[in-house]
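Here's a quick tour of one protein model, starting with its cysteines and then moving out to the overall fold. Have the viewer open as you read.

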Amino acid sequence: MPELPEVETTVRGLARYLEGERLERVTLGRPDMRFPFPQGLAQSLTGAEVTRLGRRAKYGLVETDRGDTMVFHLGMSGRWRIDPEEPGKHDHLVLETAAHRFALNDPRRFGFVDLVRTTELGAWPPFAAMGPEPLGPDFTAAHLRAALAGRKQAIKLLLLDQRIVAGLGNIYVCEALWRAGIGPRKPAGGVSLAALARLVASVRAVLDEAIEAGGSTLRDFARPDGELGYFSKRFDVYGREGADCRRGDGGTVRRIVQGGRSTWYCPRCQH
């Protein structure tokens, strides 16, 4: 599934061509993806000017001058194609401006699209209870200390809780915990404020580096321009079971299962 850096990369790629442009034609290739397309989506967007592109957690946002925002989720295998040479079998939504064509392609159809009044985005059900953005000013050690106080669950699992911090996924949580030297099984309420400060810095750094690298390109993800991200070549622990720890401390990367998901970590340097 495309994670936060992949979605941010997608949004930035689309913004270069779509922001400030008017949608001259909107075409639906089918009535639904994971969920049905909103009723009247094409009519609402046709003729509208795209005023801003943004992101909330793992959702892309396309704001228009009509007071609506088209929210998209890429699901497991979704991506936007810019000016495809030929129509694709799995191009389920196509936006056209005077100069470009943008096709939302999703072979597995786990992605979806919704249309929300921009002023009501904060109350949209998936956003209503979300925590702060990990790259935003409200994601701090103090926030984590308050949110995790008294919690006995493993720190790894609670970092994946969207109510505590929005948009973090398995890859980048594993990487950030390694950088911060925090064991994934440590009870969240027992992590010191100093360690939480290291964790916040590590989360920001790993996300920034992944965005700069264009994402991790796991399975079917590619950027809108068709290029593949290469952050996966920099993974320190994710997917490296049995490899030497990159800190050179003599540790070996291990894999465990937490909450039904694999976790990779170094037991020597993560406590």
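## The cysteine pair

In this predicted model, the cysteine sulfur closest to that of Cys-266 belongs to Cys-269, and the 3.6 Å between them is too far for a bond. The cut-off for a disulfide is 2.5 Å between the two sulfur atoms. Going the other way gives the matching result: from Cys-269, the closest cysteine sulfur is in Cys-266, at 3.6 Å. Searching the whole structure turns up zero disulfides.

How accessible are these two? Cys-266 has 0% relative accessibility, so it counts as buried. Cys-269 comes in at 15% and counts as buried too, because the buried class covers anything under 20%.

## Fold and dimensions

Zooming out, the protein has seven helices and 10 strands. Its radius of gyration is 20 Å, close to the 18 Å from the globule rule for 271 residues, so the protein is as compact as a globular protein of that length. Along the principal axes, the C-alpha atoms fill a box of roughly 60 × 35 × 30 Å.

## Packing

Of the 271 residues, 54% are buried. Looking at contacts with a separation of 6 or more, 64% are between residues 24 or more positions apart.

## Surface and charge

What supplies the exposed area? The protein exposes about 12,300 Å², and carbon and sulfur atoms account for 47% of that.

As for charge, there are 39 positive and 33 negative ones, and their mean positions sit 9 Å apart.

Terms used
Residues numbered from 1 in each chain as written. Predicted model: local features only at pLDDT ≥ 70, side-chain atom pairs only at ≥ 80, totals over all residues. Heavy atoms only, no water. Helix = DSSP H or I, 4+ residues; strand = E, 2+ residues; numbered from the N terminus. Rg over C-alpha atoms; globule rule 2.2 N^0.38 Å. Buried < 20%, exposed > 50% of the residue type's maximum accessible area, 1.4 Å probe, protein only. Contact = heavy atoms within 4.5 Å. Areas by Shrake-Rupley, 256 points an atom, 1.4 Å probe, with all protein chains shown as cover. Lys, Arg positive; Asp, Glu negative; His and termini not counted. Charge placed at Lys NZ, Arg CZ, Asp CG, Glu CD.
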